[in-house]
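Got your viewer open and a cartoon on screen? Keep the selection box handy, and let's walk through this one stop at a time.

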Amino acid sequence: MALWGKQDTLAASPKYITRKAYFGTSAVNTTAETIDLRQSNTDFATGDGVVYNSNGGSAIGGLTSGNTYYVYQTTTSGVIKLSDTEAHAKAGTN
């Protein structure tokens with residue numbers, strides 16, 4: 001892509017923002033099906049895709065380590081739910 005005669009060398013290789021959030025079992029509320037990431041300060045937004053990794057431990061019930069899930073930001077900033085699709089996350093379902 002050229003703009004005012006300048007060549008954009010980054011256009012062919014877009015960059016992706018990578019944020020990591022580490023949390024212990026105490027951050028998981030299985031009753032409310034939420035993960036409290038307030039300590040991680042990730043600022044995930046509804047619809048953001050994340051890869052869940054159990055880091056060698058037991059996976060959270062209903063999640064599979066290595067799978068991509070989509071964030072649903074609850075009314076409490078930093079507390080999230082995970083959905084199987086971006087559409088479900090944006091709709092606040094599943």
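What follows is a tour of a predicted model, going from the whole chain to single residues and back out to the surface.

**Stop 1: the whole chain**

Start with the cartoon, coloured from the N terminus on. You should find one helix and seven strands, running in the order β-β-β-β-β-β-β-α. Now switch to a surface view. The accessible surface comes to about 7000 Å², and 50% of that belongs to carbon and sulfur atoms. Of the 94 residues in the chain, 22% are buried. If you like contact maps, here's a number to go with yours: among contacts with a separation of 6 or more, 34% link residues 24 or more positions apart.

**Stop 2: the nonpolar core**

Which residues make up the largest nonpolar core? Select Ile35, Leu37, Phe44, Val50, Tyr52, Ile60, Leu63, Tyr69, Val71, Ile80 and Leu82, and show them as sticks; that's 11 residues in all. Strand E6 and strand E7 (79-83) each supply at least two of this core's residues. As a rule, nonpolar side chains tend to be buried together in soluble globular proteins.

Now pick out valine 50 from that set. Leaving aside residues up to four places away in sequence, valine 50 touches Phe44, Asn67, Thr68, Tyr69, Val71 and Leu82.

**Stop 3: the loop between E5 and E6**

Go next to the loop between strand E5 (49-51) and strand E6 (68-73), where serine 54 sits. Is serine 54 buried or exposed? Its relative accessibility is 18%, so it counts as buried, the cut-off being under 20%. Show what's around it: beyond its neighbours within four places in sequence, serine 54 is in contact with Ala59 and Ser65.

Stay in the same loop between E5 and E6 and select leucine 63. Leucine 63 counts as buried too, because its relative accessibility is 15%. Its contacts, not counting neighbours within four places in sequence, are Tyr52, Tyr69 and Leu82. Try a distance label from leucine 63 to asparagine 53: you should get 9.3 Å between the C-alpha atoms, for two residues that are 10 apart in sequence.

**Stop 4: the salt bridges**

How many salt bridges does the structure hold? There are two. Side chains of opposite charge can pair when their charged atoms come close.

For one of them, select arginine 38 and aspartate 36: their side chains meet at 2.6 Å, N to O. Arginine 38 is partly exposed, with 48% relative accessibility, and aspartate 36 is partly exposed as well, at 25%.

For the other, move to glutamate 86 and lysine 90, whose side chains meet at 2.9 Å, N to O. Turn the cartoon back on here. Both residues belong to helix H1 (residues 86-91), and because they are four residues apart, about one helical turn separates them. Glutamate 86 is partly exposed at 37% relative accessibility, whereas lysine 90, at 56%, counts as exposed.

**Stop 5: two positive phi angles**

Next, check some backbone angles. Select glutamate 33, in the loop between strand E3 (28-29) and strand E4 (34-36). Its phi is near 55°, a positive value in a residue other than glycine. Glutamate 33 is exposed, with 59% relative accessibility.

Then jump to aspartate 43, in the loop between E4 and E5. Here phi is near 60°, again positive in a residue that isn't glycine. Aspartate 43 is exposed, with a relative accessible area of 59%.

**Stop 6: the largest pocket**

Finish with the surface view switched on. Rolling a probe the size of a water molecule over the atoms shows where empty space is left. The largest pocket holds about 780 Å³ of space. To find it, select Ala21, Phe23, Val51, Tyr52 and Asn53, which lie nearest its centre among the 26 residues that line it.

Which strand gives the largest share of the lining? Colour E5: three lining residues come from that strand. E5 and E7 each supply at least two residues of the lining. While you're here, look again at two of the central residues: Tyr52 also belongs to the largest nonpolar core, and Asn53 is the residue you labelled against leucine 63.

Methods. Residues are numbered from 1 along each chain as its sequence is written. This is a predicted model: local features need pLDDT of at least 70, side-chain atom pairs count only at pLDDT 80 or more; totals for chains, interfaces and linings use all residues. Side-chain values use heavy atoms; hydrogens and water are left out. A salt bridge is a side-chain nitrogen of Lys or Arg within 4 Å of a carboxyl oxygen of Asp or Glu. Buried means under 20% relative accessible area, exposed over 50%, partly exposed in between (1.4 Å probe, protein chains only). Contact means heavy atoms within 4.5 Å. A nonpolar core is a set of buried Ala, Val, Leu, Ile, Met, Phe, Trp, Tyr and Cys residues joined through side-chain atoms within 4.5 Å. Accessible areas come from the Shrake-Rupley method with a 1.4 Å probe; for residues, only the protein chains shown count as cover. On a 1 Å grid over the protein atoms alone, a cavity is a set of points where a 1.4 Å probe fits but cannot get out, and a pocket is an open set with protein on both sides within 12 Å along at least five of seven lines; lining residues have an atom within 4 Å of a point. Grid points are joined across faces, edges and corners, and a volume is the space filled by probe spheres set on the points.
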